[in-house]
Amino acid sequence: MVAKSRHTTFRFWLRLYKTAFKQAIALKASFVLRILFMIANNLIMLVGWFAVFNTFKTINGWDFSDFMFMTGLVVTSFSIWSIFFRGAGIYMARLIEYGELDNYLLAPKNILLHTLCSRIDPAGLGDFLSGIILLTASGLVGFNNFGVLLFCIMVGATLFISLNIFLGSLNFYTADNTDLGERLFYSFLNLTSYPGCIYSGAVKLILLSLLPTGLISILPVEQMHKTDTLSLLWMLLVTLIVLGGSILFFYNGLKRYASGNKIGGKL
């Protein structure tokens with residue numbers, strides 16, 4: 001029965017994605033342009049840091065290849081949330097704010113998964129492609145550490161999804177936190193855009209635990225140079241704790257949900 005339920009859920013998610021993808025490519029020119037602009041935007045971000053590393057060569061042991069790998073990892077991880085689970089975050093917050101979560105409560109599906117998959121953005125392929133370009137161009141990825149790379153990407157993607165579940169669920173507890181959640185998310189994202197080498201001491205410890213941006217921007221680069229099993233286990237442990245905490249936060253908040261609390265709201 002469990003296997004059958006999982007198979008049904010996967011087929012349901014696949015139908016959602018196919019529908020969203022068909023809608024996205026309906027306007028082919030717009031779809032292609034969005035992908036191209038995303039790729040260009042991600043590559044242009046490197047220009048300033050290229051000048052910095054070209055001047056100083058290394059910063060606390062990092063060179064431009066390390067920074068390029070870090071950026072590629074962040075963008076690739078971000079794209080997995082964007083393409084497949086965009087329902088977590090501001091969209092979830094608005095569903096809660098306008099009392100429109102009722103549609104998901106009535107559906108015979110896992111409500112959290114249904115909400116996560118209710119919005120997906122195939123145009124995020126631009127982020128994914130630029131991420132792969134940067135990871136490859138960094139020269140740090142090889143056959144011997146390819147498995148570690150995949151692990152780091154999944155850790156990053158899971159953290160982005162978990163954070164968006166948490167921030168989207170804030171509206172269960174206090175009203176009108178949609179904008180706050182969005183600002184907090186982009187603050188988190190901004191922290192991952194700076195070279196991990198600039199952090200040290202207590203700040204680095206916080207970024208590796210309480211505010212785990214370092215699991216996306218610091219440890220993966222170190223693992224590409226020298227794989228450390230304890231560091232990988234720490235990444236896995238913190239990621240599972242963050243994911244589990246965000247899920248509990250959502251379902252605890254769901255008990256507080258007042259359906260239809262804002263009739264006529266728009267998403």
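# Buried rings and packed helices

Modeller: Phe78 and Phe160 are both buried, a word that stands for under 20% relative accessible area, with exposed over 50% and partly exposed in between (1.4 Å probe, protein chains only). Please keep in mind that this is a predicted model, where local features need pLDDT of at least 70, side-chain atom pairs count only at pLDDT 80 or more, and totals for chains, interfaces and linings use all residues. Residues are numbered from 1 along each chain as its sequence is written, while side-chain values use heavy atoms and leave out hydrogens and water.

Biologist: Happy with that! How many aromatic pairs are there by your rule?

Modeller: The count is 20 aromatic pairs. Rings of Phe, Tyr and Trp (its six-membered ring) pair if their centres lie within 6.5 Å; planes under 30 degrees apart are stacked, over 60 edge-to-face, and the rest tilted.

Biologist: Why is the pair of Phe78 and Phe160 called edge-to-face?

Modeller: The ring centres of Phe78 and Phe160 lie 5.8 Å apart and the planes stand at 90°, so the pair is edge-to-face. Because Phe78 belongs to helix α3 and Phe160 to helix α8 (residues 146-168), the pair ties together parts 82 residues apart in sequence. Helices here are DSSP runs (H or I, at least four residues), numbered from the N terminus.

Biologist: And what makes the pair of Trp81 and Phe185 tilted?

Modeller: Trp81 and Phe185 are 5.2 Å centre to centre with 50° between the planes, hence tilted. This pair also links distant parts of the chain, with Trp81 in helix α3 and Phe185 in helix α10 (residues 178-191), 104 residues apart.

Biologist: How do you know whether Trp81 and Phe185 are buried or exposed?

Modeller: Trp81 has 4% relative accessibility, so it counts as buried. Phe185 has a relative accessible area of 3% and is therefore buried too.

Biologist: Which residues do ring pairs link into a cluster?

Modeller: The cluster contains Trp49, Phe50, Phe53, Phe64, Phe67 and Tyr194.

Biologist: On to the helices. Why are α3 and α7 called roughly antiparallel?

Modeller: Helix α3 (residues 64-84) and helix α7 (residues 125-138) pack at about 155°, their axes 7 Å apart. That angle makes α3 roughly antiparallel to α7, because angles over 145 degrees carry that label (under 35 is roughly parallel, 65 to 115 roughly perpendicular, the rest oblique). Axes are lines fitted to C-alpha atoms, for helices over the stretch in contact, with angles from 0 to 180 degrees between N-to-C directions. Among the contact residues (heavy atoms within 4.5 Å) are Met68, Phe69 and Val75 of α3 and Phe128, Ile132 and Leu135 of α7. By class, this contact of α3 with α7 has twelve nonpolar, eight polar and one charged residues.

Biologist: How do you know how α2 and α3 run relative to each other?

Modeller: The axes of helix α2 (residues 28-56) and α3 come within 10 Å and cross at roughly 155°. Therefore α2 and α3 are roughly antiparallel to each other. Their contact is made by Asn42, Leu46, Trp49, Phe50 and Phe53 of α2 with Phe64, Phe67, Met68, Thr71 and Val75 of α3.

Biologist: One last thing: what makes Lys57 and Asn60 count as exposed?

Modeller: Lys57 has a relative accessible area of 51%, so it is exposed. For Asn60 the value is 65%, so Asn60 is exposed as well. Lys57 sits in the loop between α2 and α3, as does Asn60. Neither is a glycine, yet phi is positive: near 70° for Lys57 and about 50° for Asn60.

Conventions: Helices (H or I, at least four residues) and strands (E, at least two) are DSSP runs, numbered from the N terminus. Ala, Val, Leu, Ile, Met, Phe, Trp, Tyr, Cys and Pro count as nonpolar, Asp, Glu, Lys and Arg as charged, and the others, Gly among them, as polar.
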